[in-house]
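This report looks at a ligand and at the protein that surrounds it. Please keep the sequence and the structure in view while reading.

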Amino acid sequence: MANADRQLAEQLRRARRDVHAAVLEGFHPLKHALRFGAGVSQVVTTSRERLFELAAQLAPDIVAALDALPVRVVAEEIFTLLEPPRRGEQIVALAARPHADVKRLLDDTGAAPIVLLDAPTHLPNVGAVIRTAAAAGAAGVLTTGVHDPWHPAALRGAAGLHFATTVARVPALPDTDRPLIALHPAGEPIDRAAPWPPRAILAFGSERRGLGQPLLDRAHRRVCIPMRAGVSSLSLATAVAVALYHHRDG
Ligand SMILES: C[S@@+](CC[C@H](N)C(=O)[O-])C[C@H]1O[C@@H](n2cnc3c(N)ncnc32)[C@H](O)[C@@H]1O
C-alpha cells in the first residue's frame, strides 16, 4: 500500500469516529449532501467516469458542485480497504456535520413536528426515519441512547438526508413547552380528523422494548395506529411515516 493510500485509509478510519465528521458511503448520500448544502471536503472512488455518469443520470443538478470537489481515484483493491465490505457504487465522501442547535430547534415557533426516537437500536432504521422526516418536512429528529444517528450506516439508510433536517443525539429530552405525543400500540386510536397540535414532539420507542416509562409518563397523549388483531406493532420507520403523514398539509 502506498503511503498516500495508507494516509487516506487512516483519515477515513478517524472520520468514522469523529463526532464532527460525516462519512458518506455510496452515491445517494453524497447527492443529498451536496443538494442540501453540506460541506463535502473529499470524494474517493474507483472511477471518476462512473461517478460523473451516475451524477448525470440520477442528479444532474449536483454535477457542477461535484466537479468543484477534489475527487481522488484509487484502485479497487485499495477501495475495499477504505469501506466495510458491501456491494455498492465504490464511492465514499467526507463531509462536516452541521452544528445542531437543539435548544433553538425546540424553541422554534414553526408548526412542524419533531421526531424523537427513544434509544433506537438499529442504525438503518434510524436512517429510514430520518429520510421520512426530511421528506415529510419535520423540523428535526432527536435520538436518545447509545447510537450516533450520524453513524455511516444511518447516513446510508437515510440516503444522506440528515443534511435536509436537523439531526442530533440528546442524553434525554430537554425541558420544553412543546406538546409531547407518545406513539404507543396501547394508546388511544389516532384521530383521522384531528391534526397534531402545532410544534408537537412525536415520540417513538425502540424496536424491541418500545417507549421507556419516563417518556410515557411525560407524554401529554398516548396515541396508537390501529392494527388488525394479532399484529403486535408496525416497524419503527413505518410508524413514523404513518404519524408524520397523518395530517400533513400539501
Ligand atoms: C417496533 S415498535 C416496538 C414494539 C414494542 N415491542 C412495543 O411494545 O412497543 C417501535 C415503535 O414504533 C411505534 N409503533 C409501532 N407500531 C405502532 C402502532 N400501531 N401504534 C403506535 N405506535 C406504534 C411505537 O412508538 C413503538 O415503540
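The sections below take up the residues around the ligand, their polar contacts, and the pocket.

## The model and the ligand shell

The structure is a predicted model, and the ligand in it is surrounded by 17 residues, of which Leu-183, Gly-205, Arg-208, Ile-225 and Leu-234 come nearest. By class, this shell divides into ten nonpolar residues, five polar ones and two charged ones.

## Polar contacts and cover

Nitrogen atoms of the ligand are found close to the backbone at several positions: a backbone N or O atom of Ile-225 lies 2.8 Å from a ligand nitrogen, one of Arg-208 lies 3.1 Å from a ligand nitrogen, and a polar backbone atom of His-184 is 3.5 Å from a ligand nitrogen. On its own the ligand has 560 Å² of accessible area, and the protein covers 86% of that area.

## The pocket

The ligand takes up the space of the largest pocket. Two elements, strand 8 (180–189) and strand 10 (221–224), give two or more residues to the shell around the ligand, and strand 8 gives the most, with three residues.

The largest pocket holds about 380 Å³ of space, and its lining is made of 20 residues, with Leu-183, Pro-185, Ser-233, Leu-234 and Ala-239 lying nearest its centre. Strand 8, strand 10 and helix 10 (236–245) are the elements that give two or more residues to this lining, to which strand 8 again gives the most, with three residues. Eleven of the lining residues are nonpolar, six are polar and three are charged.

Methods. Residues are numbered from 1 along each chain as its sequence is written. This is a predicted model: local features need pLDDT of at least 70, side-chain atom pairs count only at pLDDT 80 or more; totals for chains, interfaces and linings use all residues. Side-chain values use heavy atoms; hydrogens and water are left out. A residue is near a molecule or strand if one of its heavy atoms lies within 4 Å of it. A polar contact is a pair of N or O atoms within 3.5 Å; within protein, one must be able to donate a hydrogen and the other to accept it, and residues adjacent in sequence count only if both atoms are side-chain atoms. Accessible areas come from the Shrake-Rupley method with a 1.4 Å probe; for residues, only the protein chains shown count as cover. On a 1 Å grid over the protein atoms alone, a cavity is a set of points where a 1.4 Å probe fits but cannot get out, and a pocket is an open set with protein on both sides within 12 Å along at least five of seven lines; lining residues have an atom within 4 Å of a point. A molecule sits in a cavity or pocket if more than half of its atoms lie within 2 Å of its grid points. Helices (H or I, at least four residues) and strands (E, at least two) are DSSP runs, numbered from the N terminus. Ala, Val, Leu, Ile, Met, Phe, Trp, Tyr, Cys and Pro count as nonpolar, Asp, Glu, Lys and Arg as charged, and the others, Gly among them, as polar. Grid points are joined across faces, edges and corners, and a volume is the space filled by probe spheres set on the points.
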